[in-house]
Amino acid sequence: MLPESESRDRPTLNPLGGLPDPLDVLIVGAGLSGIDAACRLTLHCPRKSWALVEARDRIGGTWDLFRYPGIRSDSDMHTLGFPFRPWQADASIADGPAIRDYIEDTASEFGLMPRIRLGWRVTRADWCSRDQLWTVGLATAEGGRKVRCRFLYLCSGYYRYDQGHTPVFPGAEDFRGRIVHPQHWPEDLEVKGRRVVVIGSGATAVTLVPALADRGAMVTMLQRSPTYIVSRPRHDDLGARLRRRLPGWLAAALVRWKYIGWSLLTYQLARRRPETVKRRIIEAARAALGDGIDVSRHFTPTYAPWDQRVCLVPDGDLFTALKTGAAEIATGRIARFTPIGIRLESGEEIDADVIITATGLEMRLLGGMEMRVDGALVNPGDRLLYQGMMLGDVPNHALAMGYVNASWTLKCDLTARAVCRLLNRMERHGHTVCVPRQAAAGDGREPLLGFASGYVLRARPHMPGQGSRPPWRVRQNYLADLAAFHLSSPRDAALAFLRPGQSLKDITP
Ligand SMILES: Cc1cc2nc3c(=O)[nH]c(=O)nc-3n(C[C@H](O)[C@H](O)[C@H](O)COP(=O)(O)OP(=O)(O)OC[C@H]3O[C@@H](n4cnc5c(N)ncnc54)[C@H](O)[C@@H]3O)c2cc1C
């Protein structure tokens, strides 16, 4: 149970000014998943005291951090948005600022702002079994602070904010132009009339290339190997038509389910009939690009669709940029940077004034904090993930991890609902602690993410794994997760509950 509500008398410390100490729940992170979690607590656990701390000075997470030209979602906003506050715009692919505004507006509409502290970065979290509490250390502009809470809810994303992944390129120090990582886009970077090479073939590269071409740059997309790239409409005509004829909530639900169904169907088809789907994707690319581009060389990956993430381009903007000559594409391995550009292993030289290293993220869980349980350091790499939301043998916590093959929020919202249900159940039964017992998972251990993308492989040793069967299996399937949420009880043999005064030793084998 997290039994005490704000209506009871409680001492207030209080670094959180006016909020109770200890809090029932502390949420870390004000991106899509943190604001989703806060809204769900407001809706389903109105008596719980909670606060949200965010390291940045603004709400939005990913959608506040990334400022490169053209920044946009690559999944539809009807499923990336919150189900309890549907995305209403006709554009189903939205740009970064619009998504950030949507997250901020949701926080305001739900009255979350008084409980959010911006510029507060969690540096450590210590669970004490005797007190059945987390003590959370924070760095703020005013110095270090501590907050105590019963339940710690990590919505801190999955990658490092302070730096992206940049491989070491020989000769980088000789390059006379500017090298930029998209994660830290300089406001003063002028690209008009300049030769810009974008290194990469993922979502960021395929977004940047047409956007920079639009801004008058002479762009070359340089990829080591091709990625599957699929064009989807930027605007949703069906949504607009339905909204004119049906009540808003019904139109929103229908459009959302259309996208859920579409992403499930296409993913399942790709996994079951990889050759067919591969052929279709490549044929579509060929039709969009015309004869001037060598599709076999630049758009035909060696792996099956969804072995790595499939990239989406709205209204085929990348294909148009390449077909019209506004941008070029090169495929090959980089030998070195030179003073005036890049030399490939093939000997080909590409001149550049600016090189953009769209080479990916550095994955990191737990928002960089040090987490301890009764003094013992928690290394996520040693743990399995219970229900896709709790690290094995770590009490009273949850973490928000989205899908890799569908919109992130679909899973994070299910997690938030599962957390609310768990908290309410604990309160009803007089439990103060819950802990998933990893010993119950059995022997099997598999990587959490089946993807073979570079950033996933690099992070594997530091990421939790998954078990071979539920509730330790991560499904990456919204329908299956939704069914499990509705059909299963929050009480299962793997999840142990304690009452006040009981300790983990009473239950941990
Ligand atoms: C460029 C880009 C485009 C993407 N496009 C899509 C897409 O189209 N569809 C999709 O499904 N997914 C996409 N993703 C994945 C995307 O990150 C998620 O969709 C989603 O925005 C993640 O939300 P989040 O709240 O879980 O994490 P984040 O957005 O990363 O937010 C985490 C927040 O936690 C804060 N935080 C971290 N550590 C601490 C700490 N120690 N103390 C306090 N605060 C902390 C951070 O400052 C941040 O505000 C994209 C990712 C990137 C990088």
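Biologist: What makes the sheet with the order β7-β16-β8-β9-β12 an open one?

Modeller: In this predicted model, that sheet has 5 strands with parallel pairing. Its edges are β7 (178-180) and β12 (327-331), each with a single partner strand, so one side of each has no neighbour in the sheet. Neighbouring strands are turned by 20 degrees against each other on average, direction ignored.

Biologist: How do you know that β8 and β9 pair?

Modeller: Two strands count as paired when at least two bridges are found between them. Strand β8 (residues 195-199) and strand β9 (residues 218-223) have 5 bridges, in the parallel sense, so the pairing criterion is met. For one of the residues involved, R195, the bridge partner in β9 is M218.

Biologist: Nice. And what is the order of the sheet with antiparallel pairing?

Modeller: That open sheet of 3 strands runs β13-β14-β15. Both β13 (334-338) and β15 (349-351) are edge strands, as each pairs on one side only. Here, too, the average turn between neighbouring strands is 20 degrees, direction ignored.

Biologist: What makes β13 and β14 a pair?

Modeller: The requirement is at least two bridges. β13 and strand β14 (residues 341-344) are joined by 4 bridges in the antiparallel sense, so they qualify as a pair. I334, for instance, has L344 as its bridge partner in β14.

Biologist: Let's stay in strand β13, where T338 is found. Why is T338 called buried?

Modeller: Buried means under 20% relative accessible area. T338 has 6%, so it is buried. Leaving aside neighbours within four places in sequence, T338 is in contact with D174, F175, R343 and E349.

Biologist: Is S73 buried or exposed, and how do you know that?

Modeller: S73 has 1% relative accessibility, and the cut-off for buried is under 20%, so S73 is buried. S73 sits in the loop between α2 and α3 (77-80). Its contacts, apart from neighbours within four places in sequence, are W63, L80, S92, I93, A94 and I99.

Biologist: What makes the approach of the S73 side chain to the backbone oxygen of S75 a polar contact?

Modeller: The distance limit for such a contact is 3.5 Å. The S73 side chain reaches the backbone oxygen of S75 at 3.0 Å, which means the pair falls inside that limit.

Biologist: Then which helix holds A288, and why is A288 called partly exposed?

Modeller: A288 belongs to helix α8 (residues 274-289). Partly exposed covers the range between 20% and 50%. With a relative accessible area of 28%, A288 falls in that range, so the label fits. Not counting residues up to four places away in sequence, A288 touches F319 and K323. Its C-alpha atom is separated by 46 Å from that of L41, 247 residues apart along the chain.

Biologist: On to the ligand: how many residues surround the ligand, and which are the closest?

Modeller: There are 32 residues around the ligand, and the closest are S33, E54, D74, S75 and Y161. At least two residues of the shell come from each of α1 (32-44), β2 (50-54), α2 (62-65) and β4 (121-128).

Biologist: How do you know that E54, S75 and Y161 make polar contacts with the ligand?

Modeller: The N or O atoms must lie within 3.5 Å. A polar side-chain atom of E54 is 2.6 Å from a ligand oxygen atom, and one of Y161 is also 2.6 Å from an oxygen atom of the ligand. For S75, an N or O atom in the side chain is 2.6 Å from a nitrogen atom of the ligand. The ligand taken alone exposes 970 Å², and the protein buries 94% of that.

Key. Residues are numbered from 1 along each chain as its sequence is written. This is a predicted model: local features need pLDDT of at least 70, side-chain atom pairs count only at pLDDT 80 or more; totals for chains, interfaces and linings use all residues. Side-chain values use heavy atoms; hydrogens and water are left out. Buried means under 20% relative accessible area, exposed over 50%, partly exposed in between (1.4 Å probe, protein chains only). Contact means heavy atoms within 4.5 Å. Axes are lines fitted to C-alpha atoms, for helices over the stretch in contact, and angles run from 0 to 180 degrees between N-to-C directions. A residue is near a molecule or strand if one of its heavy atoms lies within 4 Å of it. A polar contact is a pair of N or O atoms within 3.5 Å; within protein, one must be able to donate a hydrogen and the other to accept it, and residues adjacent in sequence count only if both atoms are side-chain atoms. Accessible areas come from the Shrake-Rupley method with a 1.4 Å probe; for residues, only the protein chains shown count as cover.
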